[in-house]
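This report describes the structure shown below, with attention to confidence, the three-stranded sheet, the nonpolar cores, the cysteines and one lysine.

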Amino acid sequence: MYDIPLFDLNYDERETKAVTEVLESKWISSGPKCAELEKVFSDALSCKHAFCLANCTDALHLALLALGIGPGDEVIVPSLTFVATVNCVRYVGADPVFCDVVSKEDLTIDPAGIEKLISDRTKAIIVMHYGGFACDMDAIMAIAKKHGLKVVEDACHGPLSEYKGKKLGTIGDAGCFSFFSNKNISTGEGGMIVTNDDALADKMRLMRSHGMTTMSYQRAQGHSTKYDVVELGYNFRMDDIRAALAIVQMEKLPGDLKTREKIRKRYEEKLSKIDGLIVPFTDRTEFSSNYIFPVVLKEGDEARRDAVRGFLQEKGIQTSVHYPAAHRFSIHKDARRGDLTNTDFVTDCEFTLPMYAKLTDEQIDYICEQVKKALEEN
Ligand SMILES: *Cc1c(COP(=O)(O)O)cnc(C)c1O
């Protein structure tokens, strides 16, 4: 075990109580808690529709299904992301096209790169708000409008994060969130899709549950006894046990994010004094969820980065890499791509430091000291 893990779950007796209540209610699958969570989530994001799902991979899949993306279509995606952002394009038979990130300081998808990659087949763009820092949505939405493209936001890193006063996930056609254990909202597995488009919402509601016109909870309540199947849907549903966890996590989220903001400030203050280290997004002022804290070596390669991580591990500090670039995975190696210079550098030279509300000032200072030593000695 690490002395300082990358992430620590923000759980207490409230989660235990919430789950116990659901278990005792004897309705454990999708039901009143899922409905309550959808209301809480759409209110928090000021968006019209939110649907609980089993995970964010399903949310991304559902977004593309509902938008009618299919075989022969191309979808422009970042490569510096978790591979699910890319895999979902293949689920619907479309082809991902890899786009670079803006720079070593701004790890979000590059609008200029997107524009260069547009072909006759391009139907959509998936953006990923890295670490809870917004992509350049004005530029991306303008490109989408000009070329008639759909925009899906992979907002897994950014619940409650903002771009020009709007919550991330509510700017494009659909926004996708994850409640995986190590995310800002943790339920083990879990996810959410949001949209302001009523027609799209109708599709999502059907497609997440077998294309059936009613769900079992409605039938159990006596609201209906029959159903039709009108679309080739899937089972993407969440259950009420996880929804109850997410409701408690949503209550805690604003406080948790405030603490993360302070942690980020302290990190930035200390790390900006270290030569040879880039701290991305230091120019950002809008509210961010600070899901992770990435840093990038100014000079180096994968071997040096791994040596630095090895040094930190010996000092009891867990680190990670966000992310091994998706375009290098065997399964995506043949996908069309633009220039990926920044992505290639960042994927080799980035590492992620611990980030969670329980980190103490002493721990942050210790981590920064050890990062300095790690760079000096490697
Ligand atoms: C976690 C994550 C996913 C996948 O979420 P799951 O809920 O585990 O399916 C997708 N994209 C990004 C950027 C993520 O961080």
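In this predicted model, confidence varies between the elements of the protein chain: strand β5 (residues 150–154) has the highest mean pLDDT, 99, and helix α8 (residues 216–220) has the lowest, 75. For the protein chain, the mean pLDDT is 97, with 100% of the residues at 70 or more.

**The sheet and its helices**

β10, β11 and β12 form an open, antiparallel sheet of three strands, arranged in the order β10-β11-β12. Strands β10 and β12 lie at the edges, each pairing on one side only. Between β11 and β12 the antiparallel pairing extends over four bridges. Within this pairing, Val295 stands opposite Phe351 of β12, and Pro294 has Thr352 of β12 as its bridge partner.

Helices accompany these strands. Helix α9 lies across β10, β11 and β12, and runs at about 15 degrees to β11. Helix α10 also packs on the sheet, where it touches β11 and β12; its direction makes about 20 degrees with that of β12. Strand β12 is covered on both faces: Glu350 and Thr352 are buried on one side, and Phe351 and Leu353 are buried on the other.

**The nonpolar cores**

The largest nonpolar core contains 40 residues, and the members that touch the most others are Tyr267, Leu271, Leu277, Leu312, Phe351, Leu353 and Val371. Two or more residues of this core come from each of α9 (240–271), β10 (277–278), β11 (293–297), α10 (302–314), α11 (341–349), β12 (350–353) and α12 (361–377). Helix α12 gives the largest share, six residues. The strands of the sheet, β10, β11 and β12, are thus among the contributors to this core.

Tyr267 offers a view of the packing. Leaving aside residues up to four places away in sequence, Tyr267 touches Ser272, Phe293, Leu353, Pro354, Leu359, Ile364, Ile367 and Cys368. A second core, separate from the one above, has 36 residues, including Ala59, Val86, Ala94 and Ile193.

**Cysteines and Lys33**

How many disulfides does a search of the whole structure find? The search finds zero. A disulfide is a covalent bond between the sulfur atoms of two cysteines. For Cys99, the closest cysteine sulfur is that of Cys135, and the 10 Å between the two sulfurs is too far for a bond. Cys99 is also buried, as is Cys156.

Lys33 belongs to helix α2 (residues 32–45). Apart from residues up to four places away in sequence, Lys33 touches Val22, Asp240, Ala243, Ala244 and Ile247. The C-alpha atoms of Lys33 and Glu251 are separated by 14 Å, although the two residues are 218 residues apart along the chain.

The table lists the accessibility of the two cysteines and of Lys33.

| Residue | Relative accessibility | Class |
|---|---|---|
| Cys99 | 1% | buried |
| Cys156 | 8% | buried |
| Lys33 | 25% | partly exposed |

Lys33 is classed as partly exposed because its relative accessibility is 25%, whereas the value of 8% places Cys156 among buried residues, for which the limit is under 20%.

Definitions and conventions:
Residues are numbered from 1 along each chain as its sequence is written. This is a predicted model: local features need pLDDT of at least 70, side-chain atom pairs count only at pLDDT 80 or more; totals for chains, interfaces and linings use all residues. Side-chain values use heavy atoms; hydrogens and water are left out. A nonpolar core is a set of buried Ala, Val, Leu, Ile, Met, Phe, Trp, Tyr and Cys residues joined through side-chain atoms within 4.5 Å. Buried means under 20% relative accessible area, exposed over 50%, partly exposed in between (1.4 Å probe, protein chains only). Contact means heavy atoms within 4.5 Å. pLDDT is the predictor's confidence in each residue, from 0 to 100. A disulfide is a pair of cysteine sulfur atoms within 2.5 Å. Two strands pair if DSSP finds at least two bridges between them. Axes are lines fitted to C-alpha atoms, for helices over the stretch in contact, and angles run from 0 to 180 degrees between N-to-C directions.
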